[in-house]
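Trainee: Please take a close look at one buried polar position in this model. I should like to understand its setting, and then how that setting relates to the rest of the chain.

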Amino acid sequence: MQKNWYIVYTKTKCEKKVSGTLTKKKIENFCPVNCKQITQFNRIKSVYEPLFSSYVFAHIRENEIGLLKQIENVLNVVYWKGYPAIIQNEEIEEIREFITDHQNIRLERSNVILNTDASIVDRPSYAIDGKIVIIKNKFVKVNLPSLGYTMVAEMENEGVIGREISFGNQELQLQ
């Protein structure tokens, strides 16, 4: 039986604790953390908080889901149409790369779309490995169809045109 990525639903503000417990139990997991820059008392401060509120991703076999529910601060596994929701490996890798390259990421709700290819919806935009990457004005958007979210981050450079960005194993020249 193969391993898949499942969404573990945790108590509020317990994502890091659950991730630590899963790591101690030698269960591969991923708790994406977003670095936000906030101004406090005329100083810029970096705050690290989970990107997905109350979600931790666990890489396990389906028959191990019962073990997750026994862990402290875990409420349940997220289900979709009566079955545990499976997140594609590619989407986990996209999240890893996006949080590495960007700060102050915000999430926008989108429709959950399973097993569909991307299409170009606006210019300039690019279809990469079936996922939509939109670069418009100074914002980068990556669609996560099986999660029902779009990650959005502002590009740090003022001049986006002529800039090269990397996504996966591809380099893009923005025009």
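**A buried asparagine and its surroundings**

Mentor: Asn-73 sits in the loop that connects α2 (65–69) with β6 (74–77). The model is a predicted one, and what follows should be read accordingly. Asn-73 has a relative accessible area of 14%, and because buried means under 20%, this loop residue counts as buried. Once neighbours within four places in sequence are set aside, its contacts are Thr-10, Lys-11, Cys-14, Lys-17 and Val-18. One of these partners, Thr-10, falls within β1, which spans 4–10.

Strand β1 also holds a second asparagine, Asn-4. At 16% relative accessibility, Asn-4 is likewise classed as buried. Its side chain makes a polar contact of 3.5 Å with the side chain of Tyr-6. Beyond four places in sequence, Asn-4 touches Ala-58, His-59, Ile-60 and Ile-86.

The nonpolar cores come next. The largest has 23 residues, and the members that touch the most others are Ile-7, Phe-52, Phe-57, Ile-95, Leu-147 and Met-151. At least two residues of this core come from each of β1 (4–10), β5 (55–60), α3 (89–101), β13 (139–144) and β14 (149–154). Helix α3 contributes the most, namely four residues. Within the span of α3, Ile-95 is in contact with Phe-30, Pro-32, Leu-51, Phe-52, Leu-144, Leu-147 and Met-151, residues up to four places away in sequence being left out. Another core, of 14 residues, lies apart from the largest one and includes Ala-58, Ile-60, Leu-68 and Val-74. Two of these names, Ala-58 and Ile-60, appeared above as partners of Asn-4. Val-74 is the residue at which β6 (74–77) begins.

The cysteines deserve a brief note. Cys-31 is buried at 13% relative accessible area, and Cys-35 is buried at 9%. The structure nevertheless contains zero disulfides.

Finally, the chain as a whole. It comprises three helices and 16 strands. Of its 175 residues, 41% are buried. Among contacts with a separation of 6 or more, 63% link residues 24 or more positions apart. The accessible surface is about 10,900 Å², and carbon and sulfur atoms account for 46% of that area.

Notes. Residues numbered from 1 in each chain as written. Predicted model: local features only at pLDDT ≥ 70, side-chain atom pairs only at ≥ 80, totals over all residues. Heavy atoms only, no water. Disulfide = S-S within 2.5 Å. Buried < 20%, exposed > 50% of the residue type's maximum accessible area, 1.4 Å probe, protein only. Core = buried A, V, L, I, M, F, W, Y, C linked by side-chain atoms within 4.5 Å. Contact = heavy atoms within 4.5 Å. Areas by Shrake-Rupley, 256 points an atom, 1.4 Å probe, with all protein chains shown as cover. Polar contact = N/O pair within 3.5 Å; in protein donor to acceptor, adjacent residues only side chain to side chain.
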